Amino acid sequence: ADACPVKAEIYRVAKRYKLKVILVANSWMKTPESSDIKLVLADDQFDAADNWIVEHAAKNDIVITGDVLLASRALEKETRVLNHKGYIFTKDSIGNAVANRDLQAQLRNMGIMQGGPAPFSPKDRSLFLQKLDMIIQTMQRNNK
């Protein structure tokens, strides 16, 4: 949750659908006062927050992350995984996403490619909200 740019949107959507939100971070952060929002502080060891998420994730949870490796691990727990720009990771797409991540890292290390991803935009925020709403509605229809 430390760097998640869509926390406010998550809070609003969760409130609308009466869902619980668990934020996992390495340091304290301000969260809205609500019994449906919980902040879990993971220790400061490498991947501690990711490890907590994977350990506690359950089937049909929604994991929101920009970390492709965490997305891959969460999919193994049969969660739904969405990144902050509205991309839905699936078991069919995660292999390509991991390979692309590794290729880009290698190209950056070789100096062939510079920079990182495009800045987060209002269009990304809108797409994220659309996809999150779609995932929740689909899950609700399937659970009736």
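Helix H5 covers residues 122–142, and at 1.5 Å a residue its 21 residues should span 30 Å; the end C-alpha atoms are 30 Å apart, which agrees. The expected span here is 1.5 Å times one less than the number of residues, and helices are DSSP runs of H or I with at least four residues, strands being E runs of at least two, numbered from the N terminus.

This is a predicted model, where local features need pLDDT of at least 70 and side-chain atom pairs count only at pLDDT 80 or more, while totals for chains, interfaces and linings use all residues. Residues are numbered from 1 along each chain as its sequence is written, and side-chain values use heavy atoms, leaving out hydrogens and water.

Which residues of H5 are buried (under 20% relative accessible area, 1.4 Å probe, protein chains only)? They are Asp124, Phe128, Leu132, Asp133, Ile135, Ile136 and Met139. Seen down the axis of H5, these fall within an arc of 165° (taken from the directions from the axis to the C-beta atoms), so they line one face of the helix. Pro122, Lys123 and Arg141 are exposed (over 50%) on the face turned away from that buried side.

The buried residues of H5 pack (heavy atoms within 4.5 Å) against these elements:

| Element | Residues |
|---|---|
| helix H1 | 7–17 |
| strand E3 | 62–64 |
| strand E4 | 80–82 |
| strand E5 | 88–89 |

Now to the loop between E4 and E5, where asparagine 83 sits. Asparagine 83 is buried, with a relative accessible area of 12%. Its side chain reaches the backbone nitrogen of tyrosine 87 at 2.9 Å, and a polar atom of that side chain lies 2.9 Å from the backbone nitrogen of lysine 85. Not counting residues up to four places away in sequence, asparagine 83 touches Thr65, Gly66, Phe89 and Phe128; Phe128 is also one of the buried residues of H5.

Methods
A polar contact is a pair of N or O atoms within 3.5 Å; within protein, one must be able to donate a hydrogen and the other to accept it, and residues adjacent in sequence count only if both atoms are side-chain atoms.
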